[in-house]
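Q: I've got this model open and I'd like a close look at a single part. Could you walk me through it?

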Amino acid sequence: MKQVEAQIPEAFAPLMREKYRYKFYYGGRAGGKSYAFADSLLLLGRTRKLFIACLREIQDSMKDSVHKLLCDRIAFYGLDDYVMRGDKIENKITGTRFVFKGLRDQDSQKIKSLEGVDIAWIEEAQTITRKSWEILDPTIRKDGSEIWISMNREEENDPLWVALAAHPDERTLVRRVNYDENPFCPEEIKIQAEKCRASAPDDYEHIWLGEPVRQGTTKLIGAAEVRAAFAPKMSGCSSPLIIGVDVARFGDDATVFCFRKGRWCYRFEEYHKLDVVEVANQATFFIREYQPQRVFIDIGGVGAGVYDVLKARGCGEVVRAVNFGEKAWQENRYVNRRAEMWDNLRAWLKGELPVQLPEDEELFNDLCCVNKKYDRYGRLQLEEKAEVKKRLGHSPDRGDALALTFAEPVYDNGRPKMYGNGNVTVEELFIDANANNNISW
Ligand SMILES: Nc1ncnc2c1ncn2[C@@H]1O[C@H](COP(=O)(O)OP(=O)(O)OP(=O)(O)O)[C@@H](O)[C@H]1O
Ligand SMILES: [Mg+2]
C-alpha cells in the first residue's frame, strides 16, 4: 500500500489518535472540519477494516453527501487501494467501506443496517433533530464504535449541541476549530473573514467563529430567561393552582399536564397513547385531588372530546376550552390565541419578580425553539407549529401546556373574576394582570 503523509491540522489529531465515544468538532466556516474528517477516515480505513457511515439529516442525492469530498481526497493522496462502487466507497485491501445516508429517511427497520458501524460521521450536525439523534445513538452499538460530529452551530439549543456538547461527559471530546487554526485556510477566505469582522461583528461571530446566532430578533423566548427560571429559588406559592393540558394530536405527540401556582410552576406530567376518556380520567383525578382554580384544555384536536367528557362530569366550572387557532382576546396585538398565550408566558418569564420552572431540558428546548414574526398589522404571530416540530423533532408539548396556563388571568381572591361575570371586561383583566407585574398570572 502506498505510504502517504497525512495533511491534517493539529487540532484534529485526536480523531485518529484518541479514543472517545463522541468526537464533537464545531466552529465557523473553513475551520477545516470536513477535510480533516474525510482524511482521518480514509487513512484509518487503510489501517484496518472499518464500516463507516457518513450521515446527515437530509440527503436527497449523493451530491448532498461528503461522497465527492472523499473521492477528491482519495485522488489528492493517490490512494488507489480505494475504489468507488456505485454509492459506496471500498478499500480493496482492508475491506473498509463507506456508506452515505440521510437520517430523515431512516425508519426503525432501515436503520438496523447501521448496527455494525464502527465510525459514524454526522456532517452538518446543526440540522440533526432530536428525534433522529435518539434513534441513531443507540443504533451505533458495536463495541468500541465512535460517533464523529462536525457542526457549524446554528442556535443556542441545536439538539446535538444540547445532547452532547453543552455538558460533555468523559466519553466526549468537544473542540472548537475556526479558520485561524486551519493552516490550509485559503488566503481569499481569510480576507472575507476579516472583511466580515470589520463590517458585521455579530455575523462574524456566528459565521466565522462558530457562535450560535444571537437570539433576540427572531426568538420569542431567550435561553437566559429560561435558565434563570430553572435556578432553584422557590418551593411553594399561595396563588391558586392552574393546570394547562396539551392533548396529543398525533401518535408521536404526548399529552402533557402542567401545574402552576402564580410564579411557581412545579410539575409536568406526560402521557403517551391515552385515549380521550383516559385523558379525561386523569384530568378528573387531578381536579378532585388538587382542586385547581382553572384547567385550560387545548381543544384544537381530540382535546375537544376531553373537554366534553369533563363538562358532562360536572367540571364545567373549572375547565375552560382553548383553541390555539382562534382569535386572540387582544385582537389588535396578537394574530391568535397561541401567540397571545405564549407572549403572556414570555412576559411572565421576563417579569421583575423571579419565577420558577422545574429544570428540564425538554422544556428548555420547547420554550427556546419558537420563532416569532409580525403580520402586516404589526400583530405578533408565532412560527407555524409544523416548522417548530421539524426543528425540534417533536411538537413542543411541554411549552404548549405551560402556555395554556396563561390562557386567561386567574385571580387569587376566592372565586375568579372571570370575563363574562358582568363586572370586568377581558381587556381590563389583561391590563390589570400586566400592570401587576404579572402577579395575577
Ligand atoms: N487538509 C487540507 N488540505 C488542503 N486544504 C485544506 C485542508 N483542510 C482544509 N483545507 C482548505 O480549507 C477550506 C476549509 O476547510 P473545510 O471545508 O474542511 O472547513 P469546514 O470547517 O468544514 O468549513 P465549512 O463550515 O465551511 O464546511 C477548504 O475549502 C480547503 O480549501
Ligand atoms: Mg464543512
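Which strands does helix 9 (residues 276-290) lie across, and at about what angle does helix 9 run to strand 9?

A: Sure, and keep in mind that this is a predicted model. Helix 9 lies across strand 9, strand 10 (255-261), strand 11 and strand 12, and it runs at about 175° to strand 9.

Now for the sheet underneath that question. Five strands make up an open sheet with mixed pairing, and their order is 11-10-9-12-13. The edges are taken by strand 11 (264-271) and strand 13 (319-322); each has a single partner strand, so one side of each is left without a neighbour in the sheet. On average, and ignoring direction, neighbouring strands here are turned by 20° against each other.

Zoom in on one of the pairings: strand 9 (residues 241-246) and strand 12 (residues 294-298) run in the parallel sense, joined over four bridges. If you want a spot to click on, I242 has R294 in strand 12 as its bridge partner.

Helix 9 has company on this sheet, too. Helix 14 (residues 397-404) lies across strand 9, strand 10, strand 11, strand 12 and strand 13. So strand 13 is on the list for helix 14, while the list for helix 9 has strands 9, 10, 11 and 12. The direction relative to strand 9 is worth a look as well: helix 14 runs at about 140° to that strand, against about 175° for helix 9.

Conventions: Residues numbered from 1 in each chain as written. Chains lettered and ligands numbered in written order. Predicted model: local features only at pLDDT ≥ 70, side-chain atom pairs only at ≥ 80, totals over all residues. Pairing = 2+ DSSP bridges. Helix = DSSP H or I, 4+ residues; strand = E, 2+ residues; numbered from the N terminus. Axes fitted to C-alpha atoms, helices over the stretch in contact; angles between N-to-C directions. Contact = placed C-beta atoms within 7 Å.
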